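Please open the structure in a viewer and keep the sequence panel visible. The stops below are meant to be followed in order.

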Amino acid sequence: MKTIAAWGTSLMTLLAWTLAGCATNPVTGERQLALVSERKELAMGQSAAAEVRRSIGLVGDRGLQNYVAATGLPLARTSERPNLPWSFQVVDDPTPNAFALPGGFIFVTRGLLNLMNSQAQLALVLGHEIGHVTTRHSVTAISRQQLAQIGLGLGTIFVPEVRPFGDAIGAGLGLVFLKHGRDAERQADELSVRYASSHSFDVREGINVFEALGRSGDAQRSALPSWLTTHPAPAERTTALREQLKLIGALGSIVDRSEYLNQIEGLVYGTNPRQGFFRGQTFYHPQLRFQFTLPPGWQAQNLTHAVQAINPQRDAAIVLTLSRAASHNAAALQMAVQPGIRVVDSTSERIGGLPAVLSAFEAQTEGGVVRGIAAHIAHGDRVYELLGYGPVNRFGGSTHEIERALASFAPVTDRATLSVQPRRVGIMRLPRSMSLAEFAQAYPSSIPIEELAVINQIQGPGSRIDAGTLVKRITGGN
């Protein structure tokens, strides 16, 4: 949980936009979904992009953001849709992925930047996402996913900053992580090669990207799905790229490894513990100095504005957010006077030694009536709102687990936890030829050597590296 933020336009509003531009003829409906007017497409993309920025957050390095935009914009402006308000941004997430929203809003994660090694590789990834926009794949996919969300068990909870988990989407984010069909992915790959090669990039670098993605694991606990869950198998794409390369006449020569690596030097690697981290089922936030423990088996996500969790049966949720109220009493009153909410009982308590108000409530949501418990807790100069809720007819089975989770909120006092730091990318120029194993021994990294080989796109510990080569190492973390 990084900052306070409000959610953008609701899923149902997006759905209304989509339906307004689509015919109901079952034969031609899919084609008409792809022909939604540009104005509605832009509205859809703008709203979803705002949601991404608020819920995941952007990397704060302005120079890196400009570099990524400067790589992607020339490709987009020579594509089939040059006049879209193209946007290229780096989201603060450790999972290697990239995704496109309707209207030209392209996002790449810092996790994917950490995995790549040249501007040519970046150009190919951005070109792929541009291809999804120019062919309107994202419009079709986002519309299908919206249509699939009708009737989710919990609906939209009354707290405006939060959406509950559903079977198909988590925390309202699933609509932007679109799985395209095999033909759509193949078409985007082909367009990517055309866009990048037309700007003289060496498109053979795409093979290294696919291989690195295929070797990378998804060990981070993240709000985003991994690249491997949203794209076809790397081996299949590598084979297709090799076939496409045979049809290209003169290959471009721009790789630009040095400048790319200089741009990502110092970038956070993996999860950033300063913004909150899980140790088992306990969530710690060193900057805000609090902790709380989720029930066993509950699946959680740490988003920009909230920590959210859902039980294994997917019929109860726990949400932690920051309240804008001036005090815990004011926050509890603010919740109680919201339309559609009935507070059944409210008492003053101390939770983790902190002043708090504990309230039992029922609320009318889009998905029906939910029952829950709210704890408003004063800690430092902030007020925390910790909610546990579920459908009224099934809430009883989760009551005790939720009560224990709310009661576990407490200040963090452990010095090691408070001082935890993220790992970062370092760049070394080799003074002499050596193997990766020798490099790791001379310049230790805080990740296993197998992982070091993957992010450097080197086969293994015994691989030789030439003198003068720029090599990544990962430093810091505790």
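Begin in a loop: select Asp256, which is found between α11 (234-245) and α12 (257-264). The model is a predicted one, and the phi of Asp256 in it is near 55°, a positive value in a residue other than glycine. Most residues other than glycine have a negative phi. Is Asp256 buried, partly exposed or exposed? Its relative accessibility is 30%, so Asp256 counts as partly exposed.

Next, select Arg314, in the loop between β9 (306-310) and β10 (317-323). Arg314 is also a residue other than glycine with a positive phi, near 60°. With 31% relative accessibility, Arg314 counts as partly exposed.

**The whole protein**

Zoom out. The protein has 17 helices and 19 strands. Of its 478 residues, 56% are buried. The exposed area comes to about 19,500 Å², and carbon and sulfur atoms supply 51% of that. Among contacts with a separation of 6 or more, 70% are between residues 24 or more positions apart.

Now colour by pLDDT. The average over the protein is 82, and 78% of the residues score at least 70. Select residues 3-27: pLDDT stays under 50 there, and the model has 59 contacts for them beyond four places in sequence. Then select residues 144-178, where pLDDT likewise stays under 50 and the model has 120 contacts beyond four places in sequence. Where pLDDT is low, the predicted coordinates should not be read in detail.

**Helix α3**

Select residues 38-55, which form helix α3. How far apart are the end C-alpha atoms of α3? They are 25 Å apart; 18 residues at 1.5 Å a residue should span 26 Å, so the two values agree. Several residues of α3 are buried, including Glu41, Leu42, Met44, Gly45 and Val52. After the helix comes Gly57, with a positive phi near 95°.

Stay with Glu41 in α3. Its relative accessible area is 1%, so Glu41 is buried. Add Pro102 to the selection: it is 61 residues from Glu41 along the chain, yet their C-alpha atoms are separated by 5.7 Å.

**Helix α4**

Move on to residues 62-77, helix α4. The 16 residues should span 22 Å at 1.5 Å a residue, and the end C-alpha atoms are 22 Å apart, so the helix agrees with its expected span. At its start, show the side chain of Asp61: one of its oxygens reaches to within 3.0 Å of the backbone nitrogen of Gly63. The buried residues of α4 include Leu64, Gln65, Val68, Ala69, Gly72, Leu73 and Ala76.

**The nonpolar cores**

Which residues have the most contacts inside the largest nonpolar core? They are Val68, Trp86, Phe88 and Leu113, in a core of 63 residues. Helix α6 (residues 119-134) gives the most to this core, with 8 residues. In soluble globular proteins, nonpolar side chains tend to be buried together.

Select Phe88 and show its surroundings. Setting aside neighbours within four places in sequence, Phe88 is in contact with Gln65, Val68, Ala69, Gly72, Leu73 and Ala76, and also with Ile106, Leu126 and Ile130.

Then centre on Leu113, found in helix α5 (residues 110-115). Its relative accessible area is 0%, so Leu113 is buried. Not counting residues up to four places away in sequence, Leu113 touches residues that include Leu64, Val68, Val90, Val108, Leu122, Tyr260 and Lys472. Tyr260 is 147 residues from Leu113 along the chain, and their C-alpha atoms are separated by 9.3 Å.

**A buried loop residue**

For the last stop, select Thr95, in the loop between β1 (87-91) and β2 (98-101). Is Thr95 buried or exposed? With 0% relative accessibility, Thr95 counts as buried. Add Arg110, which is 15 residues from Thr95 in sequence and 7.6 Å from it in space, C-alpha to C-alpha.

Notes. Residues numbered from 1 in each chain as written. Predicted model: local features only at pLDDT ≥ 70, side-chain atom pairs only at ≥ 80, totals over all residues. Heavy atoms only, no water. Helix = DSSP H or I, 4+ residues; strand = E, 2+ residues; numbered from the N terminus. Expected span 1.5 Å × (residues − 1). Buried < 20%, exposed > 50% of the residue type's maximum accessible area, 1.4 Å probe, protein only. Contact = heavy atoms within 4.5 Å. Areas by Shrake-Rupley, 256 points an atom, 1.4 Å probe, with all protein chains shown as cover. Core = buried A, V, L, I, M, F, W, Y, C linked by side-chain atoms within 4.5 Å. Polar contact = N/O pair within 3.5 Å; in protein donor to acceptor, adjacent residues only side chain to side chain. pLDDT = per-residue confidence, 0-100.
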